[in-house]
Amino acid sequence: MRELGSVTFRAFDTACAVSADVDAAALRGVEALCARYELLLSRFNPDSRLFALNVAAGKRIDVGEELANVLRAALGYCERTDGLFDITMGGVCRLWDFKRGVVPDDAAIAEALAHVDWRNVQVEGTQARIIDPQATIDLGGMAKGYIADRVIDLLKRRGATSGVINLGGNVACLGGKPDGSAWNVGLRAPVPSGGSLQAASFASVSVRGKSVVTSGVYERAFMRNGRVLHHILDPRTGKPAETDVLSATVIADKSIDADGYTTALIIMGADEALTFAEQTPGIEAILLTTNAHLLKTTGMQGEDVQLQAG
């Protein structure tokens with residue numbers, strides 16, 4: 001049985017950890033790969049092609065093959081969720097500051113919302129354009145999923161058969177554990193603590209060769225006048241989604257699929273989200289509602305995916 005090597009590092013404004021049955025050089029390669037993708041997909045770094053696209057004032061620019069492919073994939077999630085996932089929410093997102101508890105006024109939100117429409121993004125070959133020059137693309141809602149898939153690809157090329165990638169809660173598993181057993185991935189729920197919300201584990205899911213991504217209203221949130229204001233913004237209102245879903249977990253073969261759907265499921269609300277997940281090929285979902293109900297898709301007791309409470 002091969003032993004797992006591990007590396008921890010900080011990227012994407014979060015703590016990352018990767019374990020796999022590869023040598024130290026391969027693990028260093030993972031860290032370098034993440035740094036490259038952090039630049040590629042950043043809307044803040046002036047050296048990023050995404051930054052260049054956002055400031056191109058409506059002009060068509062060459063963004064390179066890989067960013068073009070990411071944009072095409074992202075637009076697919078926008079379309080399939082009817083815009084509840086919308087990559088042009090960048091202008092709205094930057095109005096809110098969940099670390100400092102900043103709430104923008106309604107007029108500012110309305111102005112930014114006028115420039116939110118994923119259909120304004122055009123990608124042809126390696127060329128991309130945002131038709132509305134005041135719109136801003138933010139790929140944060142699915143970037144870590146895409147990157148986790150690329151980390152899996154790298155590890156496989158280096159001979160790995162077992163591993164787990166955790167990019168700040170975005171978990172992707174390569175095979176099972178070295179002893180053949182499944183990986184156990186904890187699921188968290190929000191618990192009030194000292195005027196804010198903290199995450200506490202309420203269940204786990206056992207998987208082999210799957211990605212598990214959870215989004216919840218506790219991840220970046222603060223209390224204001226007795227109300228929880230969280231970072232999952234509804235593209236229809238520009239404000240924290242009013243929903244009966246506290247957390248949504250998606251399990252999929254590809255981490256990008258798991259990442260691309262979680263926030264939209266929260267915005268949909270429990271009934272619509274469960275129906276959507278059942279009807280979407282390749283994913284399973286676990287939803288925790290505000291009245292403490294645990295909902296799951298019918299495939300959650302399959303051979304490769306099992307849910308354990310507690």
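Helices (H or I, at least four residues) and strands (E, at least two) are DSSP runs, numbered from the N terminus. Axes are lines fitted to C-alpha atoms, for helices over the stretch in contact, and angles run from 0 to 180 degrees between N-to-C directions. Contact means heavy atoms within 4.5 Å.

The model is predicted: local features need pLDDT of at least 70, side-chain atom pairs count only at pLDDT 80 or more, and totals for chains, interfaces and linings use all residues. Residues are numbered from 1 along each chain as its sequence is written, and side-chain values use heavy atoms, with hydrogens and water left out.

**Exercise 1. Describe the sheet of eight strands and the helices that lie across it.**

Step 1. Strands of a sheet pair through backbone hydrogen bonds, either parallel or antiparallel. Here two strands pair if DSSP finds at least two bridges between them.

Step 2. The sheet is open, with antiparallel pairing and the order β1-β2-β6-β7-β10-β13-β14-β15. β1 (5–11) and β15 (294–296) each have a single partner strand, so one side of each is left without a neighbour in the sheet. On average, neighbouring strands are turned by 15° against each other, direction ignored.

Step 3. β1 runs antiparallel to β2 (residues 14–20), and seven bridges join them. In this pair, Ala11 stands opposite Thr14 in β2.

Step 4. Helix α1 (residues 24–40) lies across β1, β2 and β6 (163–167), at about 20° to β1. Helix α6 (residues 143–157) lies across β2, β6 and β7 (170–174), at about 25° to β7.

**Exercise 2. Find the edge strands of the sheet of three strands.**

Step 1. This open sheet has the order β3-β5-β4, with antiparallel pairing.

Step 2. β3 (61–62) and β4 (121–124) pair on one side only and are the edge strands.

Step 3. Four bridges link β4 with β5 (residues 127–130) in the antiparallel sense. Val121 has Ile130 of β5 as its bridge partner.

Step 4. Helix α3 (residues 65–80) lies across β4 and β5, and runs at about 130° to β4.

**Exercise 3. Classify the packing of α7 against α6 and against α8.**

Step 1. Angles under 35 degrees count as roughly parallel, over 145 as roughly antiparallel, 65 to 115 as roughly perpendicular and the rest as oblique.

Step 2. α6 and α7 pack at about 170°, with axes 7 Å apart. They are therefore roughly antiparallel to each other.

Step 3. The axes of α7 (residues 255–268) and α8 (residues 270–279) come within 6 Å and cross at roughly 140°. These two helices are therefore oblique to each other.

Step 4. On the α7 side, Tyr261, Leu265 and Met268 make this contact; on the α8 side, Ala270, Glu272, Ala273 and Phe276 do. By class, the contact of α7 with α8 has six nonpolar, no polar and one charged residue (Ala, Val, Leu, Ile, Met, Phe, Trp, Tyr, Cys and Pro count as nonpolar, Asp, Glu, Lys and Arg as charged, and the others, Gly among them, as polar).

**Exercise 4. Which strand gives the most to the lining of the second largest pocket?**

Step 1. On a 1 Å grid over the protein atoms alone, a pocket is an open set of points where a 1.4 Å probe fits, with protein on both sides within 12 Å along at least five of seven lines; lining residues have an atom within 4 Å of a point.

Step 2. Twelve residues line the pocket, and the closest to its centre are Val217, Val228, His230, Ala241 and Thr243.

Step 3. β12 (227–230) and β13 (245–252) each supply at least two lining residues. β12 gives the most, with three.
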